[in-house]
Amino acid sequence: MGNQRPQVTVPVLLQLIEPADTEMAISATFRYDPNDPYAVEIVFDENSSGGNPISWKLARDLLVTALNEPAGLGDVRLWPLNSSGDETIALALSSPEGRALFGIPRHRLVYFLRRSFGVVPRGREGDYLDIDTTVTRLLNGR
């Protein structure tokens, strides 16, 4: 069932807030693949990440929760950030290589989520999960 549904991709300009003194716009793309219905991938543009695209996978529900309240633990955390009257969602990422804090325009995140729900409705992800493919991916380390 999942192979018949299109992927959703939405480009977005993130604002790099931290590390300090590095405030700049970063090009990224939010991707939703109905073959992996619970996950969202954020791909940072290769020009913004030093030549190689960098991607992070996180739960779609994490993004939904972050629209109204803090969400996530550890390496990925999100929360509503009210600064200067604009609507921004903070995205904090950390890895052994370092940490960064980005601002996501809330309206772009809502647009992306609505499009993803048009492909796989929220709460119906299990209907689109291909167990055989998922098990094969896990066993092959992909």
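How many salt bridges does a search of the whole structure find? The search finds 3 salt bridges, and we will come to each of them after a tour of the fold. Please keep in mind that this is a predicted model.

## The overall layout

The protein has 3 helices and 7 strands. Reading from the N terminus, the elements follow the order β-β-β-β-α-β-β-β-α-α. Of the 142 residues in the protein, 35% are buried. The exposed area comes to about 8,500 Å², with carbon and sulfur atoms supplying 49% of it. As for contacts between residues at least 6 apart in sequence, 39% join residues at least 24 apart.

## Strand β3 and its partners

Strand β3 covers residues 39-44, and 5 of its 6 residues are buried, so the rest of the structure largely encloses it. Strand β2 (residues 24-32) runs antiparallel to β3, and 4 bridges join the two. T29 stands opposite V43 of β3. Together β2 and β3 form a hairpin, with 6 residues between them.

β3 also pairs with strand β4 (residues 54-59), again in the antiparallel sense, over 6 bridges. Here I42 has W56 of β4 as its bridge partner.

## R60 and helix α1

Is R60 buried or exposed? R60 counts as buried because its relative accessibility is 1%, which falls under the 20% cut-off. R60 sits in helix α1, which spans residues 60-66. Leaving aside residues up to four places away in sequence, R60 touches Y32, P37, Y38, A39, V40, L113, S116, F117, V120, P121, R122 and E125. Two members of that list, L113 and S116, are also among the buried residues of helix α2.

## Helix α2

Helix α2 takes in residues 106-119, and its 14 residues should span 20 Å at 1.5 Å a residue; the end C-alpha atoms are 20 Å apart, so the expected and modelled values agree. The buried residues in α2 are L109, V110, F112, L113, S116 and V119. A general point helps in reading such a list: an α-helix has 3.6 residues a turn, so residues three or four places apart point the same way.

## The salt bridges

Side chains of opposite charge can pair when their charged atoms come close. The table gives the N to O distance for each pair.

| Salt bridge | N to O distance |
|---|---|
| K57 and D36 | 2.8 Å |
| R122 and D61 | 3.1 Å |
| E87 and R106 | 3.5 Å |

The K57 and D36 side chains form a salt bridge. K57 lies in strand β4 and D36 in the loop between β2 and β3, so this pair ties together parts that are 21 residues apart in sequence. K57 counts as exposed, at 51% relative accessibility, whereas D36 is partly exposed at 21%.

R122 and D61 meet in a salt bridge too. R122 belongs to the loop between α2 and α3 and D61 to helix α1, so the parts tied together are 61 residues apart in sequence. R122 is partly exposed, with 47% relative accessibility, and D61 is partly exposed with 35%. R122 is also one of the residues that R60 touches.

E87 and R106 make up another salt bridge. E87 lies in strand β6 (residues 86-95) and R106 in helix α2, so the pair ties together parts 19 residues apart in sequence. E87 is exposed, with a relative accessible area of 54%, while R106 counts as partly exposed at 22%.

Note on methods
Residues are numbered from 1 along each chain as its sequence is written. This is a predicted model: local features need pLDDT of at least 70, side-chain atom pairs count only at pLDDT 80 or more; totals for chains, interfaces and linings use all residues. Side-chain values use heavy atoms; hydrogens and water are left out. Buried means under 20% relative accessible area, exposed over 50%, partly exposed in between (1.4 Å probe, protein chains only). Contact means heavy atoms within 4.5 Å. Two strands pair if DSSP finds at least two bridges between them. Accessible areas come from the Shrake-Rupley method with a 1.4 Å probe; for residues, only the protein chains shown count as cover. The expected span of a helix is 1.5 Å times one less than its number of residues. A salt bridge is a side-chain nitrogen of Lys or Arg within 4 Å of a carboxyl oxygen of Asp or Glu.
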